[in-house]
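I opened this entry to look up charged side-chain pairs and to note where each partner sits and how accessible it is.

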Amino acid sequence: MYERILIPTDGSDHAIRAAEHAMALARAFDATVRVIGVVDIQGAAGPFDAGGVDDAFVENQKSQAREAIEAVEALTDERVDTDILEGTPATAIVDDAAEFDADLIVMGTHGRTGVHRYVVGSVTERVVRLADAPVLTARAGVELGPAGDCDDVLIPTDGSDLATVAVDHGIAIAEQFDARIHAVSIVDVGDLATRVEYTPPTEALERVRDERTDATEAIADRARAAGLDVRTEVREGFPAEDLIGYAGEEGIDLLAMGTHGRTGLNRFLLGSTTERIIRHADAPVLAVNARETTDE
């Protein structure tokens with residue numbers, strides 16, 4: 001599943017924590033690892049340095065990037081490819097991932113909320129939306145278990161193609177660690193209430209529950225065929241909040257989810273279930289981009 005893993009790093013604690021998970025996956029899949037630092041000269045200098053910056057400033061930025069890369073290299077005895085890039089971080093990372101033909105990108109995330117996040121966004125969330133490769137994120141300020149421990153993998157589903165794109169990834173990782181698969185679906189009661197039209201609410205709920213049960217069982221069948229232990233569950237509630245709650249209750253070590261990769265104003269105002277979970281879940285989140293381009 002993963003032959004080439006890209007680790008962008010800025011030397012922060014959450015970037016190192018994400019890199020630990022990346023190294024655990026690299027060992028499990030015998031993958032080649034590339035570690036990069038991105039020097040954003042214009043961003044670091046600020047908007048008022050119209051005259052540019054001197055060589056000393058640039059070298060200082062590159063020195064910090066080298067130190068960040070060396071901190072990740074220290075996590076493994078294996079040789080890793082490294083490079084320092086210049087440019088806008090998200091764009092540089094996405095372009096490098098494409099050139100490297102990365103199967104997986106692993107990054108830390110601040111998990112920020114509030115107006116600033118909606119206006120500016122985070123580098124990690126931009127990479128999640130734009131990269132073709134799946135992106136594994138680990139949130140800042142969360143005490144995770146050892147990076148090599150992965151006993152429980154959660155694969156949420158609503159039965160859509162968007163959800164299905166993450167199934168193979170979740171199962172492949174679970175196979176490497178002999179982990180239990182949790183196939184879970186949350187019926188969005190708020191969304192359902194706006195779409196029942198002329199169908200009686202009870203009948204609509206029962207129909208959707210049956211569809212979601214089929215979806216979770218389809219994942220379970222694939223996991224059992226791979227020799228994995230499986231648990232399935234269908235609940236009513238609010239997807240992001242209830243999936244985060246389930247992950248906490250069950251000690252989930254990894255969530256594998258599809259994402260629209262949407263852009264535009266609507267995405268900033270509403271967000272997606274996957275992006276909300278990336279910002280708030282304690283466990284690392286593997287976001288697999290379904291390359292959806294239509295804003296809802």
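**Salt bridges: notebook entries**

I began with Glu86, which is partly exposed, its relative accessible area being 49%. I note that the model is a predicted one.

I then looked for the partner of Glu86 and found Lys62, the two side chains meeting in a salt bridge at 3.2 Å, N to O. Glu86 belongs to strand E3 (residues 81-86) and Lys62 to helix H3 (residues 55-73), so this pair ties together parts that are 24 residues apart in sequence. Lys62 is also listed here as partly exposed, with a relative accessible area of 26%.

I asked myself how many salt bridges the structure holds. I found 21 salt bridges.

I next looked up Asp101, which forms a salt bridge with Arg4, and the closest N and O atoms of this pair are 3.2 Å apart. The pair links distant parts of the chain, 97 residues apart, with Arg4 in strand E1 (residues 4-8) and Asp101 in the loop between helix H4 (89-100) and strand E4 (104-109). I recorded Asp101 as partly exposed at a relative accessible area of 47%, and Arg4 as partly exposed at 22%.

I turned last to Arg235, whose salt bridge with Glu233 has its closest N and O atoms 2.6 Å apart. Is Arg235 buried or exposed? Because its relative accessibility is 19% and buried means under 20%, I entered Arg235 as buried. I also noted that salt bridges with shared partners join Arg231, Glu233, Arg235, Glu249 and Glu250 into one network.

Methods:
Residues numbered from 1 in each chain as written. Predicted model: local features only at pLDDT ≥ 70, side-chain atom pairs only at ≥ 80, totals over all residues. Heavy atoms only, no water. Salt bridge = Lys/Arg side-chain N within 4 Å of Asp/Glu carboxyl O. Helix = DSSP H or I, 4+ residues; strand = E, 2+ residues; numbered from the N terminus. Buried < 20%, exposed > 50% of the residue type's maximum accessible area, 1.4 Å probe, protein only.
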